[in-house]
Amino acid sequence: MATLIDTLKPKVRHPEKQGRPDSPLLRKPDWLRVKAPGSPGYLETRSIVKAHGLTTVCEEAACPNIGECWTQKHATMMIMGDTCTRACAFCNVATGRPLPLDPSEPGRVAEAVARMALRHVVITSVDRDDLPDGGAQHFADVVHAIRSAAPDTTIEILTPDFLRKHGAEQVVIDAAPDVFNHNLETVPRLYLGIRPGARYYHSLRLLERVKERDPLRFTKSGLMVGLGETREEVMQVMDDMRSANIDFLTIGQYLQPTRKHAPVDRFVSPDEFAALEQIARSKGFLMVSASPLTRSSHHAGEDFERLKAARHSRMAAG
């Protein structure tokens, strides 16, 4: 279900959350502390992003890895505006009524990718329930523009679920990104409170359809932990993902953006993440990245190379 907010009123980033009581902010353990960004590489990346009028999920979602990634000229472009039609309890992206799509955006994104000489780029977006196709054609246009401007760059997309947008996902799949990513985010039991506008089995089926339409396309999905899920529930999600033939699983710690967002239930230790990674690998994923600071696009380029190598090794082994 979409949540549309009238933006004629003074801008509030999360208007749907203003009536909620404040929840406590737990003190972060040492393993979650990162340095404030400010390196020359970070500033250069920021300059390129701003010069092209681009939006990044690194900024909008308050990613803790922005300093590291931007220093290395890794940025995840967020297309279709900076305002989402959903109101997920975990997300820091602004909620409201988005502006119309900008037809110049695919070209601007592609130009920035070429200028930054990216070997691998991640393209994500806000949810656009207001559009008939959920923005599927715009996603495809961005992929095609990057292919034209930077043919040697590999492309990873992190898409919305295209809920109730019949056939929309086919447009994006047929654009042939190198990696098709859609995050399940949490376990089914928590969807109503954490991801109320989405449906767990629809998201799972979306990733399954990618493999049905293009069996060689890499698929990827991610989970947050620390929201109140149990270990058994996480393992069941892993099994569901493998049933959908998902290649790559990421698992990271949920971090509460503000007191109005869903509270952190607990901070999962690095040892627990290592155990979850071992379990996931035993279930047959080609790639697993699990750590407190793991995010969908963190080290995406290096991980893509490992993903290709893992598939090659598995095929060679028969």
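By class, the residues that line the largest cavity of this predicted model comprise three nonpolar, one polar and six charged. That lining is made up of Arg86, Asp127, Arg128, Asp129, Gly134, Pro160, Asp161, Phe162, Leu163 and Lys165, and the space enclosed in the largest cavity amounts to about 50 Å³. When the whole structure is searched, one cavity of 30 Å³ or more is found.

The strands considered here form an open sheet of seven members, arranged in the order β1-β4-β5-β6-β7-β8-β9 with parallel pairing. Because β1 (76-79) and β9 (287-290) stand at the edges and each has a single partner strand, one side of each is left without a neighbour in the sheet. Direction ignored, neighbouring strands of this sheet are turned against each other by 20° on average. At the β9 edge, strand β8 (residues 248-253) pairs with β9 in the parallel sense over four bridges, and Leu249 has Val288 in β9 as its bridge partner.

Helix α8 (residues 200-213) lies across two strands of this description, β6 (179-181) and β7 (218-225), and runs at about 165° to β7. Helix α8 also takes part in a contact with helix α9 (residues 231-243), in which Tyr200, Leu204 and Glu208 of α8 meet Val237, Asp240, Met241 and Ser243 of α9. The residues of this α8 and α9 contact divide into four nonpolar, one polar and two charged.

A further helix contact joins α4 and α5, where α4 passes α5 in a right-handed crossing. From α4, the residues Glu105, Pro106, Gly107, Val109, Ala110, Val113 and Ala114 meet His138, Asp141, Val142, Ala145, Ile146 and Ala149 of α5. By class, this contact of α4 with α5 has nine nonpolar, two polar and two charged residues.

Two packed helices are described by the angle between their axes and the distance between the axes, and the table sets out these values for both contacts.

| Helix pair | Axes come within | Crossing angle |
|---|---|---|
| α4 (residues 105-115) and α5 (residues 136-149) | 8 Å | roughly 40° |
| α8 (residues 200-213) and α9 (residues 231-243) | 9 Å | roughly 35° |

Notes: Residues numbered from 1 in each chain as written. Predicted model: local features only at pLDDT ≥ 70, side-chain atom pairs only at ≥ 80, totals over all residues. Heavy atoms only, no water. Axes fitted to C-alpha atoms, helices over the stretch in contact; angles between N-to-C directions. Left-handed = near helix turned anticlockwise from the far one by under 90°. Contact = heavy atoms within 4.5 Å. Nonpolar A, V, L, I, M, F, W, Y, C, P; charged D, E, K, R; others polar. Pairing = 2+ DSSP bridges. 1 Å grid on protein atoms, 1.4 Å probe; cavity = no way out; pocket = protein on both sides within 12 Å on 5 of 7 lines; lining within 4 Å. Points joined across faces, edges and corners; volume = space filled by probe spheres on them.
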